[in-house]
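Student: I'm new to this structure and would like a close look at one part of it. Please choose a helix, go through it slowly, and then show me what surrounds it in the chain.

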Amino acid sequence: AVSLRSTGVHAGLGAPGHQEEPILARLAPCRTMDEARAFKRSIGDSKASHNCWAAVDPGGRALCSDDGEPSGTAGRPMKAVLEAEGLCGCSVVVTRYFGGIKLGSGGLV
């Protein structure tokens, strides 16, 4: 699995009370959707606000989940990137920790 750690920078930066949001993205190979779901379960952090995920199997079948983010703002765009880049046979999980500011759909997409 490949991991990327970042700190989200969102609208409101510099505003009183603004806190940065740790964001962790992890990518791993998957041969089936069951493997993709198992990867999400194995690395998802129950302390995080959200563990959004998307996967495309080697045959091109794709699934995704917003995991409580506003509908269509997390899993679907992640799935679209995997498909647009031809990344079949992989699963990505993005874990976000709440940093004090509600982003709304515009802050996620």
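What follows starts with a short overview, then takes one helix and works outwards.

Tutor: Let's get our bearings first. This is a predicted model, where local features need pLDDT of at least 70 and side-chain atom pairs pLDDT 80 or more, while totals for chains, interfaces and linings use all residues. Numbering starts from 1 along each chain as its sequence is written, and side-chain values use heavy atoms, without hydrogens or water.

The protein chain has three helices and five strands (DSSP runs numbered from the N terminus: H or I of at least four residues for helices, E of at least two for strands). Reading along the sequence, you meet them as β-β-α-β-β-α-β-α. Of the 109 residues, 36% are buried (buried is under 20% relative accessible area, exposed over 50%, partly exposed in between, with a 1.4 Å probe and protein chains only).

Now for the helix I'd pick: H2, residues 75-84. Which of its residues are buried? They are Gly75, Met78, Lys79 and Leu82. Looking down the axis of H2, these residues fall within an arc of 100 degrees, so they line one face of the helix (the arc is that of the directions from the helix axis to the C-beta atoms). Turn to the other side of H2, and you'll find Arg76 and Ala84 exposed. The general pattern behind such faces is that an α-helix has 3.6 residues a turn, so residues three or four places apart point the same way.

Lys79 deserves a second look. As well as sitting among the buried residues of H2, Lys79 makes a salt bridge with Glu83, and their closest N and O atoms are 3.7 Å apart (a salt bridge is a side-chain nitrogen of Lys or Arg within 4 Å of a carboxyl oxygen of Asp or Glu). The two residues are four apart in H2, which puts about one helical turn between them. While Lys79 is buried, its partner Glu83 is partly exposed, at 42% relative accessibility. By the salt-bridge rule, the count for the structure comes to four.

Step off the end of H2 and you reach Gly86, just after the helix, with a positive phi of about 70 degrees. On the other flank, the loop between E4 and H2 holds Asp67. Phi is positive there too, near 45 degrees, and Asp67 is not a glycine. Asp67 is partly exposed, at 29% relative accessible area.

That loop also has a link to strand E5. Glu69 forms a salt bridge with Arg96, with 2.7 Å between the closest N and O atoms. Arg96 lies in E5 and Glu69 in the loop between E4 and H2, so the pair ties together parts that are 27 residues apart in sequence. Both ends are covered: Arg96 is buried at 9% relative accessibility, and Glu69 is buried at 9% as well.

So what about E5 itself, residues 90-96? This strand is mostly covered, with six of its seven residues buried. E5 runs antiparallel to E3 (residues 50-56), and seven bridges join them (strands pair if DSSP finds at least two bridges between them). Within that pairing, Trp53 stands opposite Val93 in E5.

Finally, set H2 beside H1, residues 33-43. The buried residues of H1 are Met33, Ala36, Phe39 and Ile43. They fall within an arc of 115 degrees seen down the axis of H1, so here too the buried residues line one face. Asp34, Arg41 and Ser42 are exposed on the other side of H1.

One last check concerns the cysteines. The structure holds zero disulfides (a disulfide is a pair of cysteine sulfur atoms within 2.5 Å). For Cys52, the nearest cysteine sulfur is that of Cys64, 9.7 Å away, and that is too far for a bond. Cys52 is buried, at 4% relative accessible area, whereas Cys64 is partly exposed, at 32%.
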